[in-house]
Amino acid sequence: MSVNAIHGKNAVVYMGSTAVAVGEQVDYAINMDDDFADTTTLPNAAGVVWKTQVKGPKGWNGKLAGKFDVTSTALWDLALQDGSTNFYLYPLASSPTRYYYGTCFVTLPTLLDGGVKKDITNAVTLSGTGALSRN
């Protein structure tokens, strides 16, 4: 089986109602999760209890991290708005028909992280609302 490995440096992220490219980010991740409800009952005749569950709603979240961009207020503006925003991640910018997308809320857990011995960086958290889809 052949694997078409790609390097993460070729990705591009777009966010906002007009899908503006989010520049200067160097790390990204999208995570999916499921909620589970415990349905365990009392022990059987042998006294053994095995945990049982049912699968609940799906969810997703993500994060971006990179260099602080002094020329853009896009992330700041998205974090300040009360509503959700559109999110698109193209793992390979040269393949515009392959991407992940959804709607999310944006927070800036690390607005600025810098010092005299390093570049200023930031961190962005994405909290998905609704489906994460792929094209």
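**Exercise 1. Find the salt-bridge partner of Lys118 in this predicted model, and describe how far each of the two residues is exposed.**

Solution. Start from the side chain of Lys118 in the predicted model and look for a carboxylate partner; the residue that forms a salt bridge with Lys118 is Asp113, and the closest N and O atoms are 3.0 Å apart. This pair satisfies the criterion, because a salt bridge requires a side-chain nitrogen of Lys or Arg within 4 Å of a carboxyl oxygen of Asp or Glu. Next, turn to the accessibility of each partner. Lys118 has a relative accessibility of 44% and therefore counts as partly exposed, and Asp113, at 33%, also counts as partly exposed.

**Exercise 2. Determine how many salt bridges the whole structure holds, and work out which residues are linked in a network.**

Solution. A search of the whole structure gives three salt bridges. One of them joins Asp34 to Lys55, with the closest N and O atoms 3.6 Å apart. Asp34 belongs to strand 3 (residues 25–38) and Lys55 to strand 4 (residues 53–67), so this pair ties together parts that are 21 residues apart in sequence.

Asp34 also forms a salt bridge with Lys58, and here the closest N and O atoms are 3.1 Å apart. Since Asp34 lies in strand 3 and Lys58 in strand 4, this second pair ties together parts that are 24 residues apart in sequence. Putting the two pairs side by side gives the network, in which Asp34, Lys55 and Lys58 are linked by salt bridges.

The last step is to place these side chains with respect to the surface. Asp34 counts as partly exposed at 25% relative accessibility, whereas Lys55 is exposed, with a relative accessible area of 51%, and Lys58 is likewise exposed, with a relative accessible area of 57%.

**Exercise 3. Decide whether Asn122 is buried or exposed, and list the residues it is in contact with, leaving aside its neighbours within four places in sequence.**

Solution. Begin by locating the residue: Asn122 lies in strand 7, which covers residues 118–128. Its relative accessibility is 7%, and because buried means under 20% relative accessible area, Asn122 counts as buried. Then examine its surroundings: with the neighbours within four places in sequence left aside, the contacts of Asn122 are Gln25, Leu64, Ala65, Gly66, Lys67, Phe68, Leu75, Thr110 and Leu111.

**Exercise 4. Examine the backbone of Ala19 and Glu24, and state what is notable about phi in each residue.**

Solution. The background needed is that most residues other than glycine have a negative phi. Against this, Ala19, which is not a glycine, has a positive phi of about 50°. Ala19 is found in the loop between strand 1 (12–15) and strand 2 (20–21), and at 32% relative accessibility it counts as partly exposed.

Glu24 also has a positive phi, near 70°, and is likewise a residue other than glycine. Its place is the loop between strand 2 and strand 3, where Glu24 counts as partly exposed at 42% relative accessibility.

**Exercise 5. Describe the order of the secondary structure elements, and judge whether the protein chain is more spread out than a compact globule or not.**

Solution. First count the elements: the protein chain has one helix and eight strands, and from the N terminus on they run β-β-β-β-α-β-β-β-β. The radius of gyration is 20 Å, well over the 14 Å that the globule rule gives for 135 residues, so the protein chain is more spread out than a compact globule. As a further step, consider the extent of the C-alpha trace, which spans about 70 × 40 × 35 Å along its principal axes.

Now turn to burial and surface. Of the 135 residues, 19% count as buried, and the protein chain exposes about 9,400 Å², of which carbon and sulfur atoms supply 54%. Finally, look at how the contacts are distributed along the sequence: among contacts with a separation of 6 or more, 63% come from residues 24 or more positions apart.

**Exercise 6. Work out how far apart Ala5 and Asp77 are, both in sequence and in space.**

Solution. Ala5 lies in the segment before strand 1, and at 71% relative accessibility it counts as exposed. Counting along the chain, Ala5 and Asp77 are 72 residues apart in sequence, while their C-alpha atoms are 35 Å apart in space.

Note on methods:
Residues numbered from 1 in each chain as written. Predicted model: local features only at pLDDT ≥ 70, side-chain atom pairs only at ≥ 80, totals over all residues. Heavy atoms only, no water. Helix = DSSP H or I, 4+ residues; strand = E, 2+ residues; numbered from the N terminus. Buried < 20%, exposed > 50% of the residue type's maximum accessible area, 1.4 Å probe, protein only. Contact = heavy atoms within 4.5 Å. Rg over C-alpha atoms; globule rule 2.2 N^0.38 Å. Areas by Shrake-Rupley, 256 points an atom, 1.4 Å probe, with all protein chains shown as cover.
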